[in-house]
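Work through the exercises below with the sequence and the coordinates side by side. Try each task before reading its solution.

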Amino acid sequence: MNCTGKNMTERQKRIAQKLAVQSAKNKLKQLSGIAVSELYGENQNPALDRLAAAYLSSFSDNPKPHSRLPYKSPEETICSWIIDTMELKAQGEYYYHCGLWSKIKLLNLKCAVSSLWRSEKNVAGFLLAETDFSRIMECGLDSRDEDHFLIDIWTPGHNVCL
């Protein structure tokens with residue numbers, strides 16, 4: 001009986017992994033202005049996973065955002081603010097978190113940022129990382145300031161081992 005239970009668990013894990021990959025592919029297909037060069041399954045890019053974990057753990061210190069913009073700003077202003085603040089480059093490659101990590105190229109900067117910004121229904125924001133792991137950048141809303149959109153730009157400290 002233990003063997004059957006173990007096999008079911010392994011089977012369920014494989015199914016969950018396949019569903020996560022399919023969900024990420026579906027999200028990526030909805031985006032405009034980008035090209036996807038790679039999609040990483042769970043644990044396929046350990047350095048990126050460690051970078052994201054270190055970034056997320058930095059929120060225990062309740063950091064001040066890098067930049068903020070009033071919530072009622074027009075879409076054009078939001079896109080320009082994101083591009084300028086994050087220093088995003090046309091044709092630049094980044095890791096994008098869409099449930100899993102993917103490597104994307106921003107082909108049309110304004111179109112890509114607008115698409116990433118509204119990639120999920122009723123959600124504004126996204127998470128990117130530089131391909132050299134030098135920075136991780138996130139924009140959107142959170143409980144630190146509910147009247148503004150926030151951008152966090154985090155650079156790993158010397159004590160983070162990637």
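**Exercise 1.** Is Phe 133 buried or exposed?

*Solution.* Phe 133 is buried, with a relative accessible area of 19%. The cut-offs are: buried under 20% relative accessible area, exposed over 50%, partly exposed in between, with a 1.4 Å probe and protein chains only.

Keep the ground rules in mind. The model is predicted, so local features need pLDDT of at least 70 and side-chain atom pairs count only at pLDDT 80 or more, while totals for chains, interfaces and linings use all residues. Residues are numbered from 1 along each chain as its sequence is written, and side-chain values use heavy atoms, with hydrogens and water left out.

**Exercise 2.** Classify the ring pair of Tyr 55 and Trp 154, then place both residues.

*Solution.* Start with the rule. Rings of Phe, Tyr and Trp (its six-membered ring) pair if their centres lie within 6.5 Å; planes under 30 degrees apart are stacked, over 60 edge-to-face, the rest tilted. The structure holds 6 such aromatic pairs. For Tyr 55 and Trp 154, the centres are 6.2 Å apart and the planes make 55°, a tilted pair. Next, the location. Tyr 55 sits in helix H2 (residues 46–57) and Trp 154 in strand S7 (residues 148–154), 99 residues apart. Helices (H or I, at least four residues) and strands (E, at least two) are DSSP runs, numbered from the N terminus. Last, burial. Tyr 55 is buried at 1% relative accessible area. Trp 154 is buried too, at 16%.

**Exercise 3.** How far apart are the ring centres of Tyr 95 and Phe 133, and what class is the pair?

*Solution.* The centres are 5.8 Å apart and the planes lie at 20°, so the pair is stacked. Tyr 95 belongs to strand S3 (residues 93–97), and Phe 133 to the loop between strand S5 (125–130) and strand S6 (136–140), so the pair ties together parts 38 residues apart in sequence. Tyr 95 is buried, with a relative accessible area of 6%. Now extend the picture: ring pairs join Tyr 40, Tyr 95 and Phe 133 into a cluster.

**Exercise 4.** Which acidic residues does Arg 144 bridge to?

*Solution.* A salt bridge needs a side-chain nitrogen of Lys or Arg within 4 Å of a carboxyl oxygen of Asp or Glu. That rule gives 9 salt bridges. Arg 144 bridges to Asp 142, with the closest N and O atoms 2.7 Å apart. Arg 144 also bridges to Asp 152, at 2.5 Å. Compare exposure. Arg 144 is partly exposed at 23%, and Asp 142 is partly exposed at 26%. Asp 152, by contrast, is buried at 7%.

A network can be traced elsewhere. Shared partners join Glu 87, Glu 130 and Arg 135 by salt bridges. Glu 87 meets Arg 135 at 4.0 Å, N to O. Glu 87 lies in the loop between helix H3 (75–86) and S3, Arg 135 in the loop between S5 and S6, 48 residues apart. Glu 87 is partly exposed at 49%, whereas Arg 135 is buried at 14%.

**Exercise 5.** Which elements do the buried residues of H3 pack against?

*Solution.* List the residues. Buried in H3 are Ile 78, Cys 79, Trp 81, Ile 82, Ile 83, Thr 85 and Met 86. These pack against strand S2 (67–70), helix H4 (109–117), S5, S6 and S7, where contact means heavy atoms within 4.5 Å. Finish at the helix end. Glu 87 follows H3 and has a positive phi, near 55°.
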